[in-house]
Every structure is written in structure tokens, then in C-alpha cells.
Amino acid sequence: MGSGAASRQEQHPFRPIVAFDFDGTLTVRDSFIGFLAWRVGAARFAAGLARMTPSLIAYPIHRDRGRLKAGLVRRLLKGVSRDELDASARRYAESHSRKMLRPDAVRAWKRWQAQGAQMVIVTASPESVVAPFARGLGCDLLLGTRLEFDGMDRVTGRFDSPNCRGEEKVRRLRAAFGPDVHLVAAYGDTSGDHAMLTLADEVGFKVFKGAP
């Protein structure tokens, strides 16, 4: 599993593709916010949010979620090594997956998986954070927002890709599987998933309600 691991769709003509959003679809809450609060602690997380008050006030004007997310990365992850981030993400997934994953969504995932589909997670959350969850599910390909690392493999506080929501989800799927990518099914829960859902025969929007 990895962001560059899948071959193009035309090279796997007999394996249908099924795409799931992650936060709110496979999970009951936002994985990135939860990870940050868990990693740095409640007090530091609250202080980081307080320093972002001007950005939060401006959000109704610019409506740019990526800008808010980048602000959190700068304040709470900048300077963290890739190895340290990956280790933290593994520990977070190990301790929180049962509390976060929706049982009905996981059942749907496993049903498609048993049918031989290529299972793809397409998420606005950072790939580094979602990767351990994706591996646990046996995900074939993870497409998410990428964090930028410097020459010493430390988080710079910036993104290395656009925020993976809306049309960016479609662009990433086309980059992975070709311009004519077709999904046999896709699942999401927000307006940021609508563009991806238009690529699918079977559309599931806010269909999973289960809580762990």
C-alpha cells in the first residue's frame, strides 16, 4: 500500500476500483485533529488553536480548509522528523482504530475487498497520519494530502500537495489510474467528496451511521 503503489487502471482491467473517503466515512471523527490533540496534549493543542484565532475568524470569508490545516501543521508539527511522525501515527492508529472506525463502513469495505476490488482511500487528511489505518484495512492505495519534508527529513510546516478534497480527489485518482478512471463504487460524507462520487456507479453519501 502506498500513494505510488498502484498501477494504472488499464493494467488491471478485471479489478474494479472502490474509493472511500476516510474522516467521517470510515471513521466517526476527524483523524488529523484527533491525532494532533493526542500527540501534543490538550493544553498545547488548545494553545495552538488560540494562536489561530485570526485565521478561524477569516475562514467564513476564504473558506479554505487547507489554509487552516497548514496553520496547525506549522504550529504543532514543524521540525518533527519523518520517523518520529510515522511512529506517532502508528501508535495513534493502534490505540484508536477500534474507537474510530465505523463497523458498518468496515463491513462494506471488507465486502468489496472480498470481491477482489482495488480498495482506495482518498482523504484530505495527511497521508502520514492515515497510512497506519490504511495498512490495517489492507488498503491498496492511499491518496491524501502530503506533508513537505526538508533535506533532513523533518516537517517543514507546509504541504507538498494541494489539500486533497473536492476536485483534487478526482485529479489524484486520474493521476493514479488514468484520465478515464471509473469507480464501481465510492463513499463520502461531505461536499468535498461530491466530485469523486460522480466517477462512481454506486454512490454512498452519508450511508454509514455506525459507531464503535
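**Strands 2 and 3.** I began with the partner of Val122 and found that it stands opposite Leu143 in strand 3; I note at once that this is a predicted model. Strand 2 and strand 3 (residues 141-145) run parallel and are joined by 4 bridges. Following the chain between them, I went from strand 2 through helix 7 to strand 3, and this β-α-β crossover is right-handed.

**The other neighbour of strand 2.** I then looked at strand 1 (residues 17-20), which also runs parallel to strand 2 and is joined to it by 4 bridges. Here I recorded Val18, which stands opposite Met119 in strand 2. Is strand 2 itself covered or open? I found strand 2 (residues 118-126) mostly covered, with 9 of its 9 residues buried.

**Helix 7.** For the helix of the crossover, residues 127-137, I noted that 9 of its 11 residues are buried, so that I enter helix 7 as mostly covered. Among the buried residues of helix 7 are Glu127, Ser128, Pro132, Phe133 and Leu137. Gly138 follows helix 7, and its phi is positive, near 75 degrees.

**Cysteines.** How many disulfides does the structure hold? I found 0 disulfides. I looked up two cysteines all the same: Cys139 has a relative accessible area of 4% and is buried, and Cys164 counts as buried at 0% relative accessibility.

**Lys169.** I located Lys169 in helix 8 (residues 167-177). Is this lysine buried or exposed? Lys169 counts as buried because its relative accessible area is 2%, which is under the 20% cut-off. Leaving aside neighbours within four places in sequence, I listed the contacts of Lys169, which include Val122, Thr123 and Ala124, as well as Asp21, Cys164 and Asp193. Gly192 and Met196 are also in contact with Lys169. I had already met two of these residues, Val122 as the partner of Leu143 and Cys164 as a buried cysteine.

**Aromatic rings.** The structure holds 9 aromatic pairs. I took one of them, Phe35 with Trp38, and found a tilted pair, 6.1 Å centre to centre with 35 degrees between the planes. Where do these two residues lie along the chain? Phe35 and Trp38 are both in helix 1 (residues 31-40), 3 residues apart, and are therefore separated by about one helical turn. I keep in mind that an α-helix has 3.6 residues a turn, so residues three or four places apart point the same way. The burial of the two rings I entered separately: Phe35 is buried at 0% relative accessibility, whereas Trp38 is partly exposed at 33%. I also traced the cluster to which this pair belongs, in which ring pairs link Phe22, Phe35, Trp38, Tyr92 and Phe133; Phe133 is one of the buried residues of helix 7.

**A charge over a ring.** What sits over the ring of Phe149? I found the charged end of Arg82 there, 3.8 Å from the ring centre.

**The whole chain.** Last, I turned to the totals, and counted 9 helices and 7 strands in the protein chain. Of its 212 residues, 51% count as buried. For contacts with a separation of 6 or more, I noted that residues 24 or more positions apart account for 67%.

How values were computed
Residues are numbered from 1 along each chain as its sequence is written. This is a predicted model: local features need pLDDT of at least 70, side-chain atom pairs count only at pLDDT 80 or more; totals for chains, interfaces and linings use all residues. Side-chain values use heavy atoms; hydrogens and water are left out. Buried means under 20% relative accessible area, exposed over 50%, partly exposed in between (1.4 Å probe, protein chains only). Helices (H or I, at least four residues) and strands (E, at least two) are DSSP runs, numbered from the N terminus. A disulfide is a pair of cysteine sulfur atoms within 2.5 Å. Two strands pair if DSSP finds at least two bridges between them. A crossover is right-handed if, with the strands pointing away from the viewer, the path from the first strand over the helix to the second runs clockwise. Rings of Phe, Tyr and Trp (its six-membered ring) pair if their centres lie within 6.5 Å; planes under 30 degrees apart count as stacked, over 60 as edge-to-face and the rest as tilted. A charge sits over a ring if NZ of Lys or CZ of Arg is within 6 Å of the ring centre and within 35 degrees of the ring normal. Contact means heavy atoms within 4.5 Å.
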